[in-house]
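User: Could you take me on a close look at one part of this model? I am new to reading structures, so please go step by step.

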Amino acid sequence: MALMASQGAASGLGAELKTGVTAVPPDQAERIAREKYGLVGKAEWLWGEKDSNYRLTLGDGTQYLFKVLNPAEPPGMTSMHSQALLHVAAADPGIPVQRIIRTLDGEADFRMTDDEGGTRGVRMVTFVPGIAQKSQPQSALQRYRVGSLLGRMQKALQGFSHAAANHRITWDMKHAAGLRDLFCAFDDADQRARLERGMDDFERLIVPRLADLPAQVIHNDFNMENILVSEEDPDTISGIIDFGDMVHAPVLFDVAVGAAYQMGDAEDPVEAMCDFLKGYRTEKTLSEEEAALLYPAVVTRMLMRLAIPEWRSTLFPQHRDLYTRNSPTVWAQFARLDAISRDEA
């Protein structure tokens with residue numbers, strides 16, 4: 001029953017998560033790198049939720065990220081992500097984002113034809129140093145610096161626009177209400193009830209105000225796996241990666257995404273979020289209305305983190321462990337957050 005419900009609900013969700021990762025063979029990736037970029041190296045496959053990713057290592061040790069995008073991603077979205085990277089690098093060169101490597105013809109990305117005759121976008125970027133924040137010790141200073149970087153990223157993207165910026169993706173919180181039909185995939189009645197309460201708040205408090213919230217193109221995925229830190233000094237943020245969930249949406253949602261992830265395993269999730277928000281405030285501030293909606297927006301992102309992977313695992317059961325690997329962490333965050341009164345939070 002859960003499988004049927006999830007697949008039925010999938011029709012209203014983003015095609016990018018209904019299409020599995022279709023990897024190209026490493027030797028093909030190496031050939032494309034030679035022919036299109038003039039780079040000779042060894043390709044090593046890397047896990048990606050939607051795309052086929054490779055670490056390309058040249059003979060001198062230089063590394064690049066070679067990305068063959070999901071077959072469901074239209075050319076306009078590929079272009080938007082590439083142009084956004086170029087825009088951020090020009091607007092604020094101090095933000096440690098990947099740098100676009102252009103093809104021999106000067107293209108920021110291009111279309112390739114796969115073995116089945118379909119076309120897919122391809123992009124090459126620098127391989128930024130560091131290790132995922134999630135795997136390293138977290139601290140108040142680290143969270144503060146992450147918040148500051150999000151504020152800088154938003155300011156850098158303020159002047160950015162693209163024809164594909166209003167495309168629909170599953171991780172766009174504007175469309176979160178469409179996930180309610182997926183809650184039946186959870187067997188635990190208490191878990192379903194918690195998700196329902198969070199969705200009720202989203203629909204009651206946020207949906208009526210969507211049109212009035214300040215909006216722009218946002219990163220939309222400031223999570224601990226997309227934030228890289230120095231292995232020697234985890235409080236130093238060394239990279240921000242993965243522009244693949246970019247969308248034109250309320251700025252509030254970008255902040256809520258970052259705050260939701262910065263809870264991490266902190267015993268006091270509200271204090272951890274406040275560390276992040278203090279850093280954000282050094283660059284940007286939320287209005288009183290946005291601040292009042294931050295808590296339900298954070299909860300909405302948390303329920304998205306649970307419902308979307310659970311749904312995807314019914315479509316691709318062979319990847320269930322990967323898709324739901326963070327679910328225990330999110331449920332634990334809910335338990336700690338719910339132990340604090342909402343008014344106090």
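Analyst: Happy to! Let's start with one facing pair: Tyr54 stands opposite Phe66 in strand 3. Keep in mind that this is a predicted model.

That pair belongs to a wider arrangement. Strand 2 and strand 3, which covers residues 63–68, run antiparallel and are joined by six bridges. Between these two strands lie four residues, and together the strands form a hairpin. Look into the turn and you will find Gly61, whose phi is positive, at about 95°.

Now turn to the other neighbour. Strand 1, residues 41–46, also pairs with strand 2 in the antiparallel sense, again over six bridges. How enclosed is strand 2, which spans residues 52–58? Five of its seven residues are buried, so strand 2 is largely enclosed by the rest of the structure.

Next, let's zoom in on a single residue. Leu46 is found in strand 1, and its bridge partner in strand 2 is Asn53. Is Leu46 buried or exposed? Its relative accessible area is 19%, and because buried means under 20%, Leu46 counts as buried.

What does Leu46 touch, leaving aside residues up to four places away in sequence? Its contacts are Asn53, Tyr54, Arg55, Leu65 and Phe127. You have met two of these already: Asn53 as the bridge partner of Leu46, and Tyr54 as the residue opposite Phe66.

Finally, here is a distance to try in your viewer. Between the C-alpha atoms of Leu46 and Ala260 there are 26 Å in space, while the two residues lie 214 residues apart in sequence.

Terms used:
Residues numbered from 1 in each chain as written. Predicted model: local features only at pLDDT ≥ 70, side-chain atom pairs only at ≥ 80, totals over all residues. Heavy atoms only, no water. Buried < 20%, exposed > 50% of the residue type's maximum accessible area, 1.4 Å probe, protein only. Pairing = 2+ DSSP bridges. Contact = heavy atoms within 4.5 Å.
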